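Trainee: Could you take me through one part of this model in close detail? I would like to see how its pieces pair up, and then where that part sits in the whole.

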Amino acid sequence: MAEPHIVVQDREELAELLTEAVEVEHNLMCCYLFAAWSLKSGVGEGLTEAQAEAVARWRREIVHVAIDEMTHFALANNLLVAIGGQPHLGRPNFPVSAGYHPAGVVVELRRFEASTIDHFVYLERPEGVEVPDGAGYSQPSEYRRGTHAEMLMPTAQDYATVGHLYRGIRAGLEHLASELGEAVLFAGDAERQIDERVVQLDGLIGVRDLASALRAIDNIVEQGEGNAEDTEGSHYRRFCRIRDELAALRSEDPSFEPARPVVANPVQRRPPSPQGKTWVGEPSAAGVLDLCNAAYNHMLRMLGSAWGPVPARVRGVLVDEAIGLMQLLVPLNEVLTRLPPASDTPERSAGMSFAVTREIRVPAAGSAAVLVERTRWLATGAGRLAAIDPMLARAASALSEMAERLEGAGLNAVASGAGAAVVAQAPAPAGAPRVVGELEYSADPTIPPRRMEDGVEVVEGDALTLRFDGKRCIHARFCVLGAPEVFVGNVQGPWLRPDGVDAEALAAIAHRCPSGAITYRRKDGRPDESAPSVNTVSIRENGPYAVHADLDLEGEPRRFRATLCRCGASKKKPFCDGSHVEAGFVASGEPPTGDVTPLEVRNGTLVVRPAKDGPLMVTGNAEILAGTGRTVAKKVKCALCRCGGSGNKPFCDGSHRTNGFRS
């Protein structure tokens, strides 16, 4: 069949194409999240360790693609606003009826399984790549949509792939910019866009002219849709890898089932035509589904308000809270996909329908009270469901706090006239963290939230809980250099992605942290960190002692790693705080070799007691190592200098009595 020709004669036809592009991105985002949220969590749901690791990785990959689709949704709406249109927030409810999109674009909500991933590969295929669609996804009949040059009414047009659609939009932009002039084509208010000044999403930019419009299109295509070069990070390649891994694991274990038995195309109301849909009627599941859909619609309402005539500061607040609502859907769906859709099908699971109202009713600019009122109403609804699962009580609390933030954020400011441009040019609070209950969220949606426990950052990953104690960190940088995907530098607020690398690699990075600032707790059934088979005290050149042992340090919880001050200048004694650098401390990390008579036992508890105004009194089996790893001494009892003045370093020679050392 010949490739359909996409016609763009005027602004209205271009706007119609962009509107369909917005809906395609929106629909795909929902489908991807539905599949990701259907996946099981860990060995507790009958998976082996290898299967659980693969499933957790697939969830991360699919969510990453969904976040890209959120970026594409924003870019396509920025294009609409740039050419004088309004952002488009609505979409048809699932399953999308035949004829709404081209015959090859079937949009339904289905759980993660082989046919679903095959369908995602098909939808994301680059132009020129032929792959079959997933089983059960073909339309019952072929049909053609299209327009022709004599038509005045813009209408739906056919395209072979999503990349083809964007190729047509790109050609239309170039044609109309040439015909009308860039200044005429891009007549929309450039300040009324959600761009990189408001939220940090990979590839998100504002559209001001033809060059930025084409760059926005290219960003979408290069991330996956129609990527001619087929890069490793494209959506197509990501889904191909998941497809192949799933097939390999299924060949090893044909009974392997990575997803919960979530029903296809769940709906909130009993459908008059039930074919292809599943009514969620069980009261608990119906209540949670209602809350999920209400929060999702409120998220769209927030985004619609952010595209309105508001100052940049207000736009940033609205986008932050919209992201907060999307993040809230993650635990809500964890609850929902464990509940049966009906009392007579206890073996099945419910899922979110992403239902939308007939119109996404965005309040007029300056009507912040409407958003606050609705947020409080959602909090009340979540509270009524709290008996179903503790997560719903936490959701109610989070929504109440969101309402308070909205009320106190001064959202009634309206940008208008000449003053609007001045206000809108003020820097938006991009990157500012946001606190919801006990959790602090990053403006970067790829970074999970953190909570604080006694000053320690705690972040939940799929396979482990990661903990970071900033008070113990000496900036050895093994973390940011060894796993920059996990330890994200130069960001404000939350900065840890525990799922950035696999759990084994992250555990190895934690073990290299000399100060013990990084610790973890495994969730996948693998053992947590254990005491070493040999206790060691390593002497850092011009720096501290790095202890690796089952460490009993007076007044501190048991730990396996710590860096202890030996310069005498630390303000956090007995721990090192980096003061040796400012103090100009000079002490070799390569002292001469002493008594290295083998110890009968090389491990066991190592007791360290800091003497008042004196050395570190060490009792237990310890091998003292130079910075290069050479053994300096083997001791069962010793006193290590911590005043910085000993002439017999690393051992104490009594200098603390005469040099005024106090601790």
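Mentor: Start with strands E13 and E14. They pair in the antiparallel sense, over 8 bridges. Strand E13 covers residues 616-625, and strand E14 covers 631-640. One pair to find on screen is Thr619, which stands opposite Lys637 in E14. E13 and E14 form a hairpin, with 5 residues between the strands. Look for Gly629 there: Gly629 takes a positive phi near 100°. Keep in mind that this is a predicted model.

Now turn to another partner of E13. Strand E12, residues 605-610, also pairs with E13 in the antiparallel sense, here over 4 bridges. Val608 stands opposite Val618 in E13. E12 and E13 make a hairpin too, with 5 residues between them. In that turn, Asp613 has a positive phi of about 55°.

Strand E9 brings in the parallel sense. E9 spans residues 536-539 and pairs with E13 over 3 bridges. Here Thr536 has Glu623 in E13 as its bridge partner. Strands of a sheet can pair in either sense, parallel or antiparallel, through backbone hydrogen bonds.

How covered is E13? Mostly: 8 of its 10 residues are buried. Go on past E14 and you reach Ser655, in the segment after that strand. Ser655 is buried as well, because its relative accessible area is 16% and the cut-off for buried is under 20%. Leaving aside residues up to four places away in sequence, Ser655 touches Cys643, Gly645, Ser646 and Gly647.

Next, compare an open sheet elsewhere in the chain. Its 4 strands come in the order E5-E6-E7-E8, and the pairing is antiparallel. The edge strands are E5 (451-453) and E8 (518-522), and each pairs on one side only. On average, neighbouring strands in this sheet are turned by 30° against each other, direction ignored. E5 joins strand E6 (residues 456-460) through 3 bridges, and the two run antiparallel. Take Glu453 as a marker: its bridge partner in E6 is Val456. A helix lies across part of this sheet. Helix H14, residues 503-512, crosses over strand E7 (464-468) and E8, and runs at about 145° to E8.

Helices pack on each other too. Two packed helices are described by the angle and the distance between their axes. Try helix H3 (residues 114-123) and helix H7 (residues 235-252): their axes come within 9 Å and cross at roughly 155°. H3 and H7 are therefore roughly antiparallel to each other. Their crossing is left-handed. In H3, the residues that meet H7 are Ala114, Ile117, Asp118, Phe120 and Val121. Their counterparts in H7 include Tyr236, Phe239, Leu246 and Arg250. The residues of this contact divide into 9 nonpolar, no polar and 3 charged.

Finally, step back to the whole protein. There are 15 helices and 14 strands in it. The C-alpha trace spans about 100 × 65 × 50 Å along its principal axes. Of the 663 residues, 54% are buried. Among contacts between residues at least 6 apart in sequence, 67% join residues at least 24 apart. To finish, go back to E13 and trace its three pairings again: E14 over 8 bridges, E12 over 4 bridges and E9 over 3 bridges.

Definitions and conventions
Residues are numbered from 1 along each chain as its sequence is written. This is a predicted model: local features need pLDDT of at least 70, side-chain atom pairs count only at pLDDT 80 or more; totals for chains, interfaces and linings use all residues. Side-chain values use heavy atoms; hydrogens and water are left out. Axes are lines fitted to C-alpha atoms, for helices over the stretch in contact, and angles run from 0 to 180 degrees between N-to-C directions. Angles under 35 degrees count as roughly parallel, over 145 as roughly antiparallel, 65 to 115 as roughly perpendicular and the rest as oblique. A crossing is left-handed if the near helix is turned anticlockwise from the far one by less than a right angle, and right-handed if clockwise. Contact means heavy atoms within 4.5 Å. Ala, Val, Leu, Ile, Met, Phe, Trp, Tyr, Cys and Pro count as nonpolar, Asp, Glu, Lys and Arg as charged, and the others, Gly among them, as polar. Two strands pair if DSSP finds at least two bridges between them. Buried means under 20% relative accessible area, exposed over 50%, partly exposed in between (1.4 Å probe, protein chains only).
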